[in-house]
Amino acid sequence: LIPAQDVLYVETQGQLIDLVKIYSLQGTLIKEASHVEEVDVSKLPSGMYFIQFSGEGKTVTKKFIKE
């Protein structure tokens, strides 16, 4: 799990990230951003979320905790 307080930084390891989406545990889309290296999560309530990265024909989903 990735802990976050105000900002999530996107480390791409050389891959291009076209789209970042944040979902609640219930699957509701909360936030979406294109071509970013960081995502502001400061306004999200504390709790667990999913973050989805899409780029170069691939999609990866990870969990993170907003502290």
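This passage describes the strand pairing, the backbone conformation of selected loop residues and the surface of a predicted model.

The pairing of the strands may be taken up from strand S3, which comprises residues 19-24 and is joined to strand S6, residues 47-55, by six bridges, the two strands running antiparallel. Within this pair, leucine 19 of S3 has serine 54 in S6 as its bridge partner. S3 is also joined to S4, in this case by five bridges and again in an antiparallel sense, and here valine 20 stands opposite alanine 33 of S4. The hairpin formed by S3 and S4 has four residues between its strands, and in this hairpin glycine 27 takes a positive phi near 95°.

Alanine 33, the residue that faces valine 20 across the S3 and S4 pairing, belongs to strand S4. Its relative accessibility is 18%, and alanine 33 therefore counts as buried, the cut-off for that class being under 20% relative accessible area. Along the chain, alanine 33 lies 10 residues from tyrosine 23, and the C-alpha atoms of these two residues are separated by 12 Å.

Strand S6, in addition to its pairing with S3, is joined by nine bridges to strand S7, which comprises residues 58-66 and runs antiparallel to S6. Among the residue pairs of this arrangement, glycine 47 stands opposite lysine 66 in S7, and tyrosine 49 has phenylalanine 64 in S7 as its bridge partner. Strand S7 pairs with strand S1 as well, residues 2-4, through three bridges, and these two strands run parallel. In the pairing of S1 with S7, alanine 4 stands opposite lysine 66, so that lysine 66 of S7 is placed opposite both alanine 4 and glycine 47. As a general matter, the side chains of a regular strand alternate between the two faces of the sheet.

Positive phi values were also found at residues other than glycine. In general, most residues other than glycine have a negative phi. Glutamate 56, which is not a glycine, nevertheless has a positive phi of about 55°. This glutamate is located in the loop between S6 and S7, where the hairpin has two residues between the strands. With a relative accessibility of 46%, glutamate 56 counts as partly exposed. Histidine 35 likewise has a positive phi, of about 50°, although it is not a glycine, and is found in the loop between strand S4, residues 29-34, and S5. The relative accessible area of histidine 35 is 61%, and this residue is therefore exposed, as the class requires a value over 50%.

At the surface, Asp6, Glu37, Glu38 and Asp40 form a negative patch. One of these residues, glutamate 38, is found in strand S5, which comprises residues 38-40, and glutamate 38 is partly exposed, with a relative accessible area of 48%. The value exceeds the 30% relative accessible area that residues of a patch must have. Another member of the patch, aspartate 6, can be placed with respect to valine 41, since the C-alpha atoms of these two residues are separated by 5.1 Å although they are 35 residues apart along the chain. Valine 41 is found in the loop between S5 and S6, and, with a relative accessible area of 0%, valine 41 is buried.

Two further positions complete the description. Aspartate 18 is found in the loop between strand S2, residues 7-9, and S3, and counts as partly exposed at 36% relative accessibility. Aspartate 18 and glutamine 5 are 13 residues apart in sequence, and their C-alpha atoms are 23 Å apart in space. Valine 7, for its part, is found in strand S2 and is partly exposed, with a relative accessible area of 29%. Between valine 7 and threonine 61 there is a separation of 54 residues in sequence and of 17 Å in space, taken from C-alpha to C-alpha.

Technical notes
Residues are numbered from 1 along each chain as its sequence is written. This is a predicted model: local features need pLDDT of at least 70, side-chain atom pairs count only at pLDDT 80 or more; totals for chains, interfaces and linings use all residues. Side-chain values use heavy atoms; hydrogens and water are left out. Patches are made of residues with over 30% relative accessible area and no salt bridge: like charges are joined within 9 Å, nonpolar side chains (Val, Leu, Ile, Met, Phe, Trp, Tyr) within 5 Å. Accessible areas come from the Shrake-Rupley method with a 1.4 Å probe; for residues, only the protein chains shown count as cover. A salt bridge is a side-chain nitrogen of Lys or Arg within 4 Å of a carboxyl oxygen of Asp or Glu. Lys and Arg count as positive and Asp and Glu as negative; His and the chain ends are not counted. The place of a charge is taken as NZ of Lys, CZ of Arg, CG of Asp or CD of Glu. Buried means under 20% relative accessible area, exposed over 50%, partly exposed in between (1.4 Å probe, protein chains only). Two strands pair if DSSP finds at least two bridges between them.
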